[in-house]
Amino acid sequence: GVLRAVMVFFDSSKTLLRFYDSEHMSGLKGITRTITEEISPADKDGAFLQATASGAVTLLIRDFGRGTDFKCFDSKLIDSGGVHVM
């Protein structure tokens, strides 16, 4: 089947980085992206598009949870339930 994309939102960069550095992420760091307020405007759109790709795991700060259009163009991913957001 198609791997769903997962986006996990955190209340701050500090909380996000603490989770990223925890044992919970030990086997996922190689496939996980982080998006914080430090991302450059030039990289932002590409990072948001990659966050909705099949199998993507992305950790973000909550500032990007509102007012950001995350677009998914993968019909197989959409048919499998879309992006999982936590």
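Let us start with Phe64, which is buried, with a relative accessible area of 10%; buried here means under 20% relative accessible area, exposed over 50%, and partly exposed in between (1.4 Å probe, protein chains only). Keep in mind that this is a predicted model, in which local features need pLDDT of at least 70 and side-chain atom pairs count only at pLDDT 80 or more, while totals for chains, interfaces and linings use all residues. Residues are numbered from 1 along each chain as its sequence is written, and side-chain values use heavy atoms, with hydrogens and water left out.

What does Phe64 touch, leaving aside its neighbours within four places in sequence? Its contacts (heavy atoms within 4.5 Å) are Phe9, Ile35, Thr36, Glu37, Ile39, Lys44, Phe48 and Phe70. Phe70 is found in the loop between β3 and α3 and is partly exposed, with a relative accessible area of 23%. Not counting residues up to four places away in sequence, Phe70 touches Met7, Phe9, Phe48, Thr52, Leu60 and Phe64.

Now for the aromatic rings. A search of the whole structure finds 2 aromatic pairs; rings of Phe, Tyr and Trp (its six-membered ring) pair if their centres lie within 6.5 Å, and planes under 30 degrees apart count as stacked, over 60 as edge-to-face and the rest as tilted. The rings of Phe10 and Phe19 have centres 5.4 Å apart and planes at 35 degrees, so this pair is tilted. Phe10 is buried at a relative accessible area of 11%, whereas Phe19, at 29%, is partly exposed. In the other pair, Phe48 and Phe64 have ring centres 5.5 Å apart and planes at 65 degrees, so they meet edge-to-face. This pair links distant parts of the chain, with Phe48 in helix α2 (residues 41-51) and Phe64 in the loop between β3 (57-61) and α3 (75-79), 16 residues apart. Helices (H or I, at least four residues) and strands (E, at least two) are DSSP runs, numbered from the N terminus. Phe48 is also buried, with a relative accessible area of 7%.

Phe64 appears again in the core. The largest nonpolar core has 15 residues, and those with the most contacts inside it are Ile35, Leu59, Leu60 and Phe64. Such a core is a set of buried Ala, Val, Leu, Ile, Met, Phe, Trp, Tyr and Cys residues joined through side-chain atoms within 4.5 Å. At least two of its residues come from each of β1 (6-10), α1 (13-20), α2 and β3.

Next comes the sheet. Its 4 strands form an open sheet in the order β2-β3-β1-β4, with parallel pairing; two strands pair if DSSP finds at least two bridges between them. β2 (32-35) and β4 stand at the edges with a single partner strand each, so one side of each is left without a neighbour in the sheet. α1 packs on the sheet, touching β1, β2 and β3, and its direction makes about 150 degrees with that of β3. α2 lies across β1, β2 and β3, running at about 140 degrees to β2. Axes are lines fitted to C-alpha atoms, for helices over the stretch in contact, and angles run from 0 to 180 degrees between N-to-C directions.

Within the sheet, β1 and β3 pair over 5 bridges, and the partner of Phe10 in β3 is Ile61. Ile61 is also among the residues touched by Ser13, which sits in helix α1.
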